[in-house]
Amino acid sequence: MPPLRHLQLEEMAEHRELAPGVVRVTYGNGDRIYVNHTQAAASPDGVSVPAQDFVFLPAR
C-alpha cells in the first residue's frame, strides 16, 4: 500500500464520481486517489483501477 499518511492534513480539493461506483479524490497538493467500489476493473481518465481497490497518483 502506498504511504497516504501525508494526506491526513491535506485539503480535499475535489471528490468526483466519474462513473457509478468509481470516484476520483484530488487533494490540495495535487495528489489523486482513484477508488473503485465496483466488482469489475475500471479505467477512468486512462488509469487502470482493479475491482474493489484504489490507485494513488502523486502530484507531478
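What percentage of the 60 residues in the protein chain is buried? I looked this up before anything else, and the answer is 28%. A note to self: this is a predicted model.

**Entry: overall layout**

I went through the secondary structure next. The protein chain has four strands and zero helices. Reading from the N terminus, the order is simply β-β-β-β.

Then I checked the size. The radius of gyration is 11 Å, which agrees with the value near 10 Å for a compact globule of 60 residues. Along the principal axes, the C-alpha atoms fill a box of roughly 30 × 20 × 20 Å.

I also looked at the surface. The accessible area comes to about 4,100 Å², and carbon and sulfur atoms account for 52% of that area.

For contacts, I took the ones between residues at least 6 apart in sequence. Of these, 20% join residues at least 24 apart.

**Entry: charges and salt bridges**

The protein chain carries 5 positive and 7 negative charges. I compared their mean positions, and these lie 4 Å apart.

How many salt bridges are there? The count comes to three, so I wrote down each one, using the cut-off of 4 Å between nitrogen and oxygen.

The one I opened with joins Arg 16 and Glu 14, with closest N and O atoms 3.1 Å apart. Arg 16 is partly exposed, because its relative accessibility is 43%. Glu 14 is partly exposed as well, at 24%.

Glu 14 also has a salt bridge with Arg 24, again with 3.1 Å between the closest N and O atoms. This pair links distant parts of the chain: Glu 14 sits in strand 1 (residues 12–19) and Arg 24 in strand 2 (residues 22–27), 10 residues apart.

Is Arg 24 buried or exposed? Arg 24 counts as buried, because its relative accessibility is 13% and the cut-off for buried is under 20%.

The remaining salt bridge is between the side chains of Arg 24 and Asp 45, at 2.6 Å from N to O. Arg 24 is in strand 2, while Asp 45 is in the loop between strand 3 (32–36) and strand 4 (53–57), so this pair ties together parts that are 21 residues apart in sequence.

Putting the pairs together, I get a network of salt bridges linking Glu 14, Arg 16, Arg 24 and Asp 45.

**Entry: Asp 31**

I wanted to look at a charged residue with no salt bridge. Asp 31 is buried yet has none. Which side chain of opposite charge is nearest to Asp 31? That is Arg 32, and it is 7.8 Å away.

Asp 31 lies in the loop between strand 2 and strand 3. I listed what Asp 31 touches, leaving out residues up to four places away in sequence. The list includes His 6, Leu 7, Val 25 and Thr 26. Phe 56, Leu 57, Pro 58 and Ala 59 are on it too.

**Entry: the loop between strand 3 and strand 4**

I came back to Asp 45, which is found in this loop. Its phi is near 55°, a positive value in a residue other than glycine.

Gln 52 lies in the loop between strand 3 and strand 4 as well. Gln 52 has a positive phi of about 55°, although it is not a glycine.

Pro 50 has its place in that loop too. Pro 50 is partly exposed, because its relative accessible area is 38%. Leaving out residues up to four places away in sequence, Pro 50 touches Asn 36, Ala 41 and Val 55. I also checked Pro 50 against Ala 40: they are 10 residues apart along the chain, and their C-alpha atoms are separated by 7.0 Å.

**Entry: Leu 18**

My last stop was Leu 18, in strand 1. Leu 18 is partly exposed, because its relative accessible area is 29%.

What does Leu 18 touch, not counting residues up to four places away in sequence? I found Arg 24, Tyr 34, Pro 44 and Asp 45. Two of these names were already in my notes, since Arg 24 and Asp 45 meet in a salt bridge.

I also looked from Leu 18 to Arg 60, which is 42 residues away in sequence. From C-alpha to C-alpha, the two are 21 Å apart in space.

Key. Residues are numbered from 1 along each chain as its sequence is written. This is a predicted model: local features need pLDDT of at least 70, side-chain atom pairs count only at pLDDT 80 or more; totals for chains, interfaces and linings use all residues. Side-chain values use heavy atoms; hydrogens and water are left out. Helices (H or I, at least four residues) and strands (E, at least two) are DSSP runs, numbered from the N terminus. The radius of gyration is taken over C-alpha atoms; the globule rule is 2.2 Å times the number of residues to the power 0.38. Buried means under 20% relative accessible area, exposed over 50%, partly exposed in between (1.4 Å probe, protein chains only). Contact means heavy atoms within 4.5 Å. Accessible areas come from the Shrake-Rupley method with a 1.4 Å probe; for residues, only the protein chains shown count as cover. Lys and Arg count as positive and Asp and Glu as negative; His and the chain ends are not counted. The place of a charge is taken as NZ of Lys, CZ of Arg, CG of Asp or CD of Glu.
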